[in-house]
Amino acid sequence: MSEQTLKVARRSPTRRSRWWAEVGWKYPLAAVIAFYAIFPLIYVLSASLSDSGTLTGSSNLFSDISFANYQALGETTFWTWVGNTLIVGGATAVGAVLMGAAAAYAFSRFRFKGRRPGLTTLLIVQMFPQTVAFVSVFLLLTALGNVAPALGINSKIALICVYLGGALGANTFLMYGFFNSIPKEMDEAAKIDGATHAQIYWRLIMPLVTPILAVVALLAFISAFGDFILAKIVLVSPDQWTLAVGMYQWVSNQLTSNWGLFAAGAVVASLPVLALFLALQKYIVGGLTAGSVKG
Amino acid sequence: MSKDTAVAVKQPGQHPEPRVSHARNVRGMGWGFVVKLLVMAVINALGISIIMSAFNVEAWVILGASVVLLVVADVVYFTKRAMPLKYMLPGLVFLFVFQIFTLGYTGYVAFTNYGTGHAGSEQQAVDAALIQAEHRVPDSVSYPLAVVRDGDTIGFAINDDGFVEVGTADEPLAPVNGAAVDANETPTEVPGWEIVPRGDLFTDQDLQNTVVNLRVPVSDDAEDGSIRTREGQTGAIYKSTMDWNPEAQTLTDTETGTVYEASASGNFVAEDGTMLPTGWVVTVGFDNFQRAVTDTALAGPLLKVTLWTFAFAILTVLTSFGLGLLFAMIYNDQRVKGRRFIRTLFILPYAFPAFMSALLWRGMLNKEFGVINDLFFFGADINWLGDEWLARFAILWVNLWLSYPYWFLVCTGALQALSGETMEAAKIDGAGRWRQFRSITLPLLMVSTAPLAIASFAFNFNNFTIIYMLTEGGPAFPGTSGLGATDILISAIYKISGVSGGVADYGLASALSIIVFVIVGIISAVAFRQTRKLEEI
């Protein structure tokens, strides 16, 4: 910005005032917006490095730098939660990709009775979010738990199954469009060459649709990572919690004394996400707008 | 799974060319087939074990559904027909069980009185009433008793005058041969059972609870009562003072003579109006929906909650869309240097996980120690999350913080996709800035962003996370509803349902879920038509 000012200084006063009126004011404004955007993030970093580990002294930003909170994380179940989140999110992502891709392939490549009604039904079903039906999810899992505890309340497998229930509705359309963009002639050529339909699917189609598989996996992981209501209902005991449930519990019980732990945990858990986001920024921006422009 | 096998199996008669079909056969039976066989073996094993345990706990619906699913899976994967189903079945199974079923079940529960006090069948309610009224028979003998176990099953072994008898909650007492007793006549060895050491009863709280609550029927006839124990050493016969008459559907208290009749609302009610605590599930028609609008304790708060839900969702979309669009228009300017850097700074809140943002702001907005009050309001004790209107404002503020970057990105992309020529033409025609924005930029922008805005509205309509993490719906309304000023419908449903503990009312909660479904359905339908309409521009 200082360079800019120097350059401007050499210009005539009228041009300079015009520059200020049209472009210059955007820099101070950007600083204000950036402050609004970043201040909470700076604050949480400062709170995580604070020695006291409570909310009380956290307003004096960076008054002391210590890693006590990060060390204290090791004495809690925080890392178990991280593991649980990765397990639940990872399994959901893999399952959603496998099921969604297979269904999209069937809808895209086969012509069968009930294909159109099936697509329409999926479109309608996905409009009704599973989270609103959490009461019956709870009742269903309670009943299933009496039969098979692994499918009942307080089981990660059950939670994964619940998430996967929403996988087909959410992802099939996304993938269906992408599968359609791959020419059918390729399948036919492979078929003539003697490939089985399983070979066509696994060896030919799947490598070609990798980008959409990655997108669906990421979306499924993020939604499992961020889900709170279902995870809170299903996972009861602290050693089964995901990050969302566990960290909520920290903040809702004795917010003041757990603040340092929360801040450190938030930094640890969000850094990979931030790094990934910034690395993929180009694609995310592109993806968002491509989706939006296509409507 | 493979076509080659199909050729080999189907047509040996027509094309007796063993050389070709043999070679193909070998390849067709390759590792793909082995994998399929292994996967199906595992699925069948799991399915059968679920079916068997469903049989054991008498869960007939689950049993039936599992049998059907397993048969369908085997038919689909071991016949040549239904090729598309081979690909869709896994997803369909999860879709049916965990989404379509739950949606349908919500619809059913909404018309019942399912909840605390109405959780099972009428028979279960009768059993509960009988057990509730069980008392030790006056002056009855107490038997030396030992707690026994077989795997997870806990039972009692009693010494009935020299004969050792064993029973569990499901199996009435039956004599066993070859048991041994010690000097106190307590059974010390029971064939087929493992004696639980008395020490375990003191150390294991769960076991202790199980033992104290365990009732071992004396015989198949419930009237004979059951053996129960207080301390795990002696047992006595307990009999119910209630008498169940299945024909008349009445329970009679033999001590007081009170007669409780089964009512249509799923309770046993005496003539004077007293009710037994345990009822059963019955369908109640539109009662739940009616209660939501007429119940004096509930209707007022629910109306406020509904209004706030709409206000929250609409204002969130408007503010974040507006701010995002404004920033996008300001910084979609070639003359601004370092736009990439500026953009990265602007969208950082979007990269921070949403639930953590809500929790983070909860601390920042804390009344006494929060950084917002300390740094920006000179240490004033502003009760951001405790005051009705401030809390609503705080929710909107935080949601704005974490969602404007999305709109900033979307609008930047959409603006860049707008054709420069149209703008040029408008400029030449003498349109001012405002006119350009109103008549060209905004309508064109809406084509691509309106569907996203409606999706965002629907998402925020059910945005449980931010509400619950930031304020938990508080501050509470006066009264007994348990709802609060910032509760939206879904968090209200969460509180009413009682899934997190407390008094449960699944019926009312499901009825409200249905209402939310209807609203969301209407929004989606409108969105669908709107998208079509806008695209015609």
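Here is a friendly question-and-answer tour of a predicted model, chains A and B included.

User: What makes α9(A) and α5(B) oblique to each other?

Analyst: Start with the crossing angle. The axes of helix α9 (residues 167-180) of chain A and helix α5 (residues 83-109) of chain B cross at roughly 135 degrees and come within 9 Å. Angles over 145 degrees count as roughly antiparallel, and 65 to 115 as roughly perpendicular. The value falls in neither range, and the two helices are therefore oblique.

User: Which residues of α9(A) and α5(B) meet there?

Analyst: On the α9(A) side they are Ala167(A), Leu168(A) and Gly169(A), and they meet Gly91(B), Leu92(B), Phe94(B), Leu95(B) and Gln99(B) of α5(B). By class this contact has 5 nonpolar, 3 polar and no charged residues. Gly counts as polar here.

User: Why is α14(A) called roughly antiparallel to α15(A)?

Analyst: Again, look at the angle. Helix α14 (residues 243-252) of chain A packs against helix α15 (residues 255-279) of chain A at about 150 degrees, with the axes 8 Å apart. The cut-off for roughly antiparallel is over 145 degrees, so α14(A) and α15(A) earn that description. From α14(A), the contact uses Leu243(A), Met247(A), Trp250(A) and Val251(A). From α15(A), the residues include Leu255(A), Phe262(A) and Ala269(A). The classes are 8 nonpolar, 2 polar and no charged.

User: How do you know that β3(B) and β4(B) pair?

Analyst: Pairing needs at least two bridges. Strand β3 (residues 142-150) and strand β4 (residues 153-160) of chain B have 6 bridges, in the antiparallel sense. Asp150(B) stands opposite Thr153(B). Their hairpin has 2 residues between the strands, and Gly151(B) takes a positive phi near 70 degrees there.

User: What joins β4(B) to strand β5 of chain B?

Analyst: Bridges once more: 6 of them join β4(B) to β5 (residues 163-168), and the strands run antiparallel. Asp160(B) has Phe163(B) as its bridge partner. In this hairpin, with 2 residues between the strands, Asp161(B) has a positive phi near 55 degrees.

User: What makes β13 and β16 of chain B the edge strands?

Analyst: The open sheet has 4 strands in the order β13-β14-β15-β16, with antiparallel pairing. Strands β13 (242-245) and β16 (268-270) each pair on one side only, and that marks them as edges. From one strand to the next, the twist averages 25 degrees. Inside the sheet, 3 bridges join β14 (residues 250-253) to β15 (residues 259-262), and Thr252(B) is partnered with Val259(B). Helix α6 (residues 122-132) of chain B lies across β13, β14, β15 and β16, at about 155 degrees to β13(B).

User: How many residues does each domain of chain A bring to the contact between them?

Analyst: The assignment gives domain 1 (1-77 + 255-295) and domain 2 (78-240). Their centres, taken over C-alpha atoms, are 34 Å apart. The contact takes 5 residues from domain 1 and 6 residues from domain 2. On the domain 1 side, 2 are nonpolar, 3 polar and none charged.

User: And how many residues do chain A and chain B each give to their contact?

Analyst: Chain A gives 82 residues and chain B gives 90. The chain A side holds 60 nonpolar, 21 polar and 1 charged residues.

Conventions: Residues are numbered from 1 along each chain as its sequence is written. Chains are lettered from A and ligands numbered from 1 in the order in which they are written. This is a predicted model: local features need pLDDT of at least 70, side-chain atom pairs count only at pLDDT 80 or more; totals for chains, interfaces and linings use all residues. Two residues are in contact if their C-beta atoms, placed from the backbone, lie within 7 Å. Domain bounds come from an automatic or database domain assignment. Axes are lines fitted to C-alpha atoms, for helices over the stretch in contact, and angles run from 0 to 180 degrees between N-to-C directions. Angles under 35 degrees count as roughly parallel, over 145 as roughly antiparallel, 65 to 115 as roughly perpendicular and the rest as oblique.
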